[in-house]
Amino acid sequence: MSVLSDLINLNLSDTTEKVIAEYIWIGGSGMDMRSKAKTLSGPVTDPSKLPKWNYDGSSTGQAPGQDSEVILYPQAIFKDPFRRGNNILVCFFFSTMLSVMCDAYTPAGEPIPTNKRHAAEKIFSNPDVVAEEPWYGIEQEYTLLQKDINWPLGWPVGGFPGPQGPYYCGAGADKAFGRDIVDSHYKACLYAGINISGINGEVMPGQWEFQVGPAVGISAGDELWIARYILERITEIAGVVLSLDPKPIQGDWNGAGAHTNYSTKSMRNDGGYEVIKKAIEKLEKKHKEHIAAYGDGNERRLTGKHETADIKTFLWGVANRGASVRVGRETEKAGKGYFEDRRPASNMDPYVVTSMIAETTILWKP
């Protein structure tokens with residue numbers, strides 16, 4: 001074992017009362033995750049008790065060099081699965097700057113539109129939304145790529161594996177590629193306190209999925225972003241590249257989505273199926289607006305093939321995985337439950353998608 005491996009595997013959490021807090025935020029692209037560490041004098045469980053901090057926004061595409069300081073405000077705390085002990089991961093997912101910049105506040109305290117979490121929090125704090133207790137289960141699909149060549153893990157360099165069929169939920173060295181990464185991520189998320197509900201191999205070889213939820217309101221976005229961050233860290237250790245591209249390989253291969261399962265209190269109660277159908281009618285009427293916000297490059301995935309509906313068409317059905325929105329057989333049978341919005345791409349912003357679904361189905365009056 002190398003010296004580096006020895007150091008990584010050491011558990012030194014009992015040797016000091018100090019706590020390491022990893023401050024995490026989203027960079028200027030809206031998808032790049034950034035972090036840096038700060039030493040605290042002792043354990044902290046309330047994010048409001050954590051100190052604010054700053055970073056160089058000019059290096060993340062979020063501020064000009066002449067006025068580059070960005071101030072981070074803590075939003076949520078998770079246990080750190082890498083350092084363990086009392087060490088923590090701290091979510092910031094909205095920040096404030098000393099000047100008007102994207103994903104930030106003005107000096108007067110006014111958020112600009114690209115501050116996705118703030119806008120979502122306003123929707124989730126609406127009394128009508130709070131009363132409905134919106135639950136989410138997000139199915140995050142992703143692809144593992146071989147470093148330097150950006151080709152799916154397990155695929156022959158410059159070539160292709162056998163056609164799709166044996167890979168979905170498959171087992172075996174010729175069917176499942178990267179399971180050690182996937183299992184490590186699963187355990188790390190559970191340790192961190194993320195409500196990760198499962199994993200599975202996906203249809204395209206080298207592609208996997210994890211599910212976060214059920215989570216209520218804004219916590220769904222917080223937990224999915226941290227789960228993504230943990231996955232980035234684990235693939236970094238493994239020397240593998242994480243891709244959230246919705247169609248990483250063109251041709252007869254499945255794309256990658258972030259199917260979003262959703263229910264409200266009214267949907268979960270007796271008679272909820274009628275509430276579900278009315279909610280789906282609203283989603284149909286606002287199909288274009290949702291598609292525009294459901295992830296970049298989604299048109300390469302939503303083609304009407306490979307278990308998708310065409311991007312220009314809204315279709316819903318029971319047990320139909322080629323629909324825009326799918327209702328499960330159990331929901332139909334019970335007359336209540338949840339539905340699945342299958343349109344979001346793997347690179348969608350969960351704050352945008354979850355809050356938009358709540359706004360359309362609960363607050364919007366056609």
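A residue is called buried when its relative accessible area is under 20%, exposed when this is over 50%, and partly exposed in between, judged with a 1.4 Å probe on protein chains only. The structure is a predicted model, in which local features need pLDDT of at least 70 and side-chain atom pairs count only at pLDDT 80 or more, while totals for chains, interfaces and linings use all residues. Residues are numbered from 1 along each chain as its sequence is written, and side-chain values use heavy atoms, with hydrogens and water left out.

Aromatic contacts make a good starting point. Rings of Phe, Tyr and Trp (for Trp, its six-membered ring) pair if their centres lie within 6.5 Å; planes under 30 degrees apart are stacked, those over 60 are edge-to-face, and the rest are tilted. The whole structure holds 11 aromatic pairs. In one of them, Tyr136 and Tyr262 meet in a tilted arrangement, 5.3 Å from centre to centre with 35° between the planes. This pair links distant parts of the chain, as Tyr136 belongs to strand S8 (residues 135-146) and Tyr262 to strand S13 (residues 258-263), 126 residues apart. Both Tyr136 and Tyr262 are buried. An edge-to-face pair is formed by Trp151 and Phe160, with 5.5 Å between centres and 75° between planes. Trp151 counts as buried because its relative accessibility is 19%, whereas Phe160, at 48%, is partly exposed. Tyr136 and Tyr262 also belong to one aromatic cluster with Phe124 and Phe339.

Next comes a sheet. Strands are DSSP runs (E, at least two residues), as helices are (H or I, at least four), numbered from the N terminus, and two strands pair if DSSP finds at least two bridges between them. An open sheet of 4 strands follows the order S2-S1-S6-S5, with mixed pairing. Strand S2 (33-40) and strand S5 (76-79) are at the edges with a single partner strand each, so one side of each has no neighbour in the sheet. Strand S1 (residues 19-26) runs antiparallel to S2 and is joined to S2 by 8 bridges. Across this pairing, Ile24 stands opposite Ser35 and Ile20 opposite Thr39. The hairpin of S1 and S2 has 6 residues between the strands, and in this hairpin Gly30 adopts a positive phi near 90°.
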